[in-house]
Amino acid sequence: MDRVLNNTELRDEEFLINMGPQHPSTHGVLRLVLKMEGEFIRDLVPHVGYLHRSIEKIAENRTYNQFMPYTDRIDYCASMPSNQAWAVAIEKLAGIEVPEKAEYLRVIMTELNRIASHLIYLGVMSLDLGAVTPFLYTFREREWILDLFEMTCGQRLTYHYIRIGGVSRDIPPEFGKSLKAFVADFRKKLDDYEAILTENPIFLGRTKNVGVLPLDVAKDCGASGPTIRGSNFAWDIRKAEPYSVYPKLNFTIPTGKVGDVWDRYIVRIQEMRQSCNLAEQALDGLPESDVIRAKLPAVLKPPAGEVFSRIEAPRGEMGYYVVSTGDKKPYRVKIRTASYGNLQVLAPISIGWKIGDLVAIFGSLDVILPEVDR
Amino acid sequence: MSTIKETIKGFWNLIVGLVTTAKYLPRPAVTLQYPSERWTMPERSRGVVVLLSDPETGELNCNACLVCMKQCPVSAITVTQAKNEKEERYPATFTIDNTLCCFCGICEEVCNFDSIKLTGKYEFSVFNKADLIYDRDKLQELGRDVKYEKKRKPKPAPRPAAKPSEAATASAEKPESTETDKAPSGEEIP
Amino acid sequence: MLELDKALLAIYAGLKTWFISSGIPVIWLDLLVMIFAGIVLIAVLALTALFLVWWERKISAHIQDRLGPMRTGPHGVLQTLADGLKLLQKEDIIPSKADRKVFFWAPVIAFVAAFMAYIVIPFGKGLMARDLNIGIVYVLAITTFTVISLLMAGWASNNKYALLGGMRSAAQIVSYEVPLTLSVLGAVMLAGTMSLNEIVEAQGPYFWRWYWLPQLLGFAIYFVAATAEVNRTPFDLPEAEQELVAGFNVEYSGMKFAMFFLAEFVNMFTVSAVATTLFLGGWQPPIPGLAFIPSWVWFLSKTLFLVFVLMWFRWTYPRLRVDQLMDFAWKFLLPLAFINIFLTGLGVYIFK
Amino acid sequence: MTKEDIIRKLQDKFGSDLEVVQNNQPEPFVYISKDKYREFCRHVKTDPELDFDFLFQLAGVHYPMPSAGSGSSDERFEVVLSLSSHAKIHRMVAKVKLDIIDPEIETISDIWAAANWYERESMELFGIKFLHHPDPRPLLLVEDWEFGYPMRKGWTGPDFIPMPEK
């Protein structure tokens, strides 16, 4: 499936197009080499690594707490789940009990972050299809979520909120009211997005039955999250291997039908509604307590051993494999990100489609490149 | 027949889309005209790092325990210790390299003496990269107007030399700190 | 208010007497008038294009809950002028492998073709540069020139994205030319003339007698096909930003880019003006009682409304795919256009 | 299946080629011998009771010093597979030890397509050679990278700035 394309292999009427790393719809710096026949894609080779920052090597040179800000930068659209995956891994390794209130706060924050991340997906996806306005609308709603985050942890993008053993700070008193107002408003705004996109015949024409992802390909290539749920497969780590307080909360897993671009879109729309419910439920169930962080030594030294954590990030399954030697620094950290698996399905499902469809398919996979390159 | 129905439905949905965008046309903008209007930053906002001073005496709270320097994940903080004539530690130099700083807030969290804080200030772009390396005076100047409350109970300090209350009084009783700042080289602890 | 045509006619009459009394042949005066009309047209249209760019930015901004340009002039009205000046100063980059001559002439053709269409557009009562008796055919012929310039630009850039954009635009404009022309025929059949001025005169100052009502289908087809003709969303495939970066003008910079850009907006105004002329009664007021408002105000307001609808489309809809675009033209619009002509013919036969 | 069930089932099948790591994690951690590696992978994927159809991640680890690491004490490279099953909802970590000099192993990218990129990554970052890999190009590093294998312990490159020890 992967190899270098070069000019000598080309037949008549075929040509190579180098799409990216600087291209409006490669969402950052993905480079795709396309073999085209007119408008049709005959072959496709993705090249990644333009954002490689060697975070895994950095992790080996930082203490467990010091590495937490770096996890913000793995997936900049959804830093909370990245934080949480790291925290969960170390808590599992060191056997740390997390206070219940912290778990609820984690759920609120990760679900809000899931909405924020899906909003970026929705905006960028519609932008890829040529509709500019939903992009601005989604960013307008995302701002509100970022305001909530900034109110709580002081940052809008690199939150560094979920910590090993808990969370960094309690929510401010006005947070709950603002969250309720946001959720109420956001449900109406979701209807607006759907009015512009969901049943729009142009949108339907661009997305229905385009880029169908068969379930076996998805499983084989390691796709996860909404990408695999779009292929009519109800798989969600929050249900399958529950962590945090998800077992106490009530939500469903939306799935698509055939696995085309539209299914992946509608799964994310419905997930945003579910996340609204989850955030509300978690806020209502928030225990009265002041303890938001387990008592830990200043320099954390987990026992020697290894662990792998796995949580449901907005884009799919995210996890860390951590080897500890009992030192204050991890011996080896392997970061498994959702986009890494999701990007691998791009080539099998977009060959044979047109260049306009490639943009739609790639948009629907919701790949964040820094997550792939790390 | 179903084709005609589909077509009509399609046109209807196109009109629904137009109505939705038209709905937002007369609404007031949600954006701000940045240099003339400004957002009020939340109290917890994590922006430029400053050094806090005692509001009564105007002296730095820092007693150079070096914990922020050790905990900084990007090594943006450099502190050198010095001792005044009362054998109390104070930071002879305190440099924060804002080109490295990732505004994670770890330094504020680990500080036991309410002396370093991330503030809501965010406008610090300069034309020269070297100007982003803030020294002690600049950090102190930035921290002058920052309000803070002594919210943290002092943990046992990593070095048992100074207790926070002593540190505060120590820094309060340091009248010649500006002079020592000018000639700190002789007093540095390696 | 000012009735421009009467004032101009008075000036013309005065000058004519002066020319005759001075013994200069009147042909010089006619030449002078032509040059004057040309200059005025270009000036007005350039201003219109500048205005439309600003207007588009404002409309998009307000639809998207923001403000758009606000700094240059009140509400940023001078923003396009500032942008134009900036583009003038920019380096004019010609790719080393480009076909230099073709690369140079493409924006010029686009620009000139865009402006030439206005010779026959009646801006107001008696306000037109030339009243050709085949005015509508002339407009259709001239606006199709755009495709040549886009193809030239796409080919000469020696860039695969530009080439794809050029090819897309050629296929698109040639395809949509057919339903566009057929939809115009209905109005021509009703008016019984091809002169744009006479078509307007035939519609009269009653808005229920304008051709949008008997030609509702034709109007819709014309408007959709015209949207495609001027490469606006949802038919902006030649310059589909997310697919082809900028399509045919990906290699253009500086003033050449500005010429393409302005030509696009002038074309948008053209198709709206033609639609106004053919279907919305041109410069005629909606009811006779409103005739005290100058005719050119009516014309401009109707045209600008149609331009606004075009912009509204752009900021609402996603983009079609290239095969869907072709399907839509040949399988949907073209049969409808034929049905429209047939029904119009039937109606004309029965009622006249 | 529970941790014990999986371990018992695998021990029945592979016997002495399988070494179980004792830890308190909820999922089994096993070492499989290098010779049986491919057979093991194929078995755990196709066996209807195990049904590990999802390769969560594949990581290389470098243990240059004796006594480092938890399971064993010899110097080695390790390839670590995190596997999970969609149908059975259980997971497992399988590890295989490689020689410290010229580490090489058969590819499993034909068993799980997801392994393709993980193996390419381990190839360029650790220098672990995956034999018969369909596309052994570097994935993340630049194409003309010539400064060795950066994820190995003790690596230094031209622009390498070590974290200051404080």
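# Close-ups of a predicted four-view tour**View 1. D:Leu98 sits in strand β5 (residues 91-98) of chain D.** Keep in mind as you look around that this is a predicted model. Is D:Leu98 buried or exposed? D:Leu98 has 21 C-beta neighbours inside 10 Å, and 20 or more is what it takes to be called buried, so this residue counts as buried. Who are its contacts, once you skip the neighbours within four places in sequence? They are D:Lys34, D:Arg76, D:Phe77, D:Glu78, D:Val79, D:Pro103, D:Ile105 and D:Ile128. Take D:Phe77 from that list: D:Phe77 and D:Leu98 are 21 residues apart along the chain, yet their C-alpha atoms are separated by just 4.9 Å.

**View 2. The sheet of chain D is an open one, built from five strands.** Follow the strands across and you meet them in the order β1-β2-β5-β4-β3, with mixed pairing. At the edges are β1 (18-21) and β3 (54-63) of chain D, each of which pairs on one side only. Going from one strand to the next, the twist averages 25 degrees. Now pick out strand β2 (residues 29-32) of chain D: this strand and β5(D) pair in the parallel sense, with four bridges between them. To spot one pair, find D:Tyr31, whose bridge partner in β5(D) is D:Lys95. Helix α1 (residues 3-14) of chain D packs on this sheet, where it touches β1, β2 and β5 of chain D. The direction of α1(D) makes about 160 degrees with that of β1(D).

**View 3. Chain A has an open sheet too, made of three strands in the order β1-β2-β3.** Here the pairing is antiparallel. The edge strands are β1 (14-19) and β3 of chain A, and each pairs on one side only. The twist averages 20 degrees from one strand to the next. How many bridges join β1(A) to β2(A)? There are six, and these two strands run antiparallel. Look for A:Phe15, which stands opposite A:Met36 in β2(A). On to the other pairing: strand β2 (residues 31-37) and strand β3 (residues 40-47) of chain A are antiparallel as well, with seven bridges. One pair to look for is A:Lys35 and its bridge partner in β3(A), A:Asp43. The hairpin of β2(A) and β3(A) has two residues between the strands, and A:Gly38 takes a positive phi near 65 degrees there. If you zoom out for a moment, five pairs of chains are in contact, and chains A and D share the most contacts of these.

**View 4. Two helices of chain C, α4 (residues 100-116) and α11 (residues 254-279), pass each other.** Their axes come within 8 Å and cross at roughly 25 degrees. Angles under 35 degrees count as roughly parallel, so that is the word for α4(C) and α11(C). The crossing is left-handed. From α4(C), the contact is made by C:Pro107, C:Ala110, C:Phe111, C:Ala114 and C:Phe115. Among their partners on α11(C) are C:Met259, C:Phe260, C:Ala263 and C:Val266. How sure is the predictor about chain C? The average pLDDT is 83, and 98% of the residues score at least 70. Within chain C, confidence is highest in helix α9 (residues 216-229), at 87, and lowest in helix α10 (residues 241-244), at a mean of 73. Don't look for a contact between chain C and chain D: none joins them, and their closest C-alpha atoms lie 25 Å apart.

Conventions
Residues are numbered from 1 along each chain as its sequence is written. Chains are lettered from A and ligands numbered from 1 in the order in which they are written. This is a predicted model: local features need pLDDT of at least 70, side-chain atom pairs count only at pLDDT 80 or more; totals for chains, interfaces and linings use all residues. pLDDT is the predictor's confidence in each residue, from 0 to 100. A residue is buried if 20 or more other C-beta atoms lie within 10 Å of its own, exposed if 12 or fewer, and partly exposed in between; C-beta atoms are placed from the backbone. Two residues are in contact if their C-beta atoms, placed from the backbone, lie within 7 Å. Two strands pair if DSSP finds at least two bridges between them. Axes are lines fitted to C-alpha atoms, for helices over the stretch in contact, and angles run from 0 to 180 degrees between N-to-C directions. Angles under 35 degrees count as roughly parallel, over 145 as roughly antiparallel, 65 to 115 as roughly perpendicular and the rest as oblique. A crossing is left-handed if the near helix is turned anticlockwise from the far one by less than a right angle, and right-handed if clockwise.
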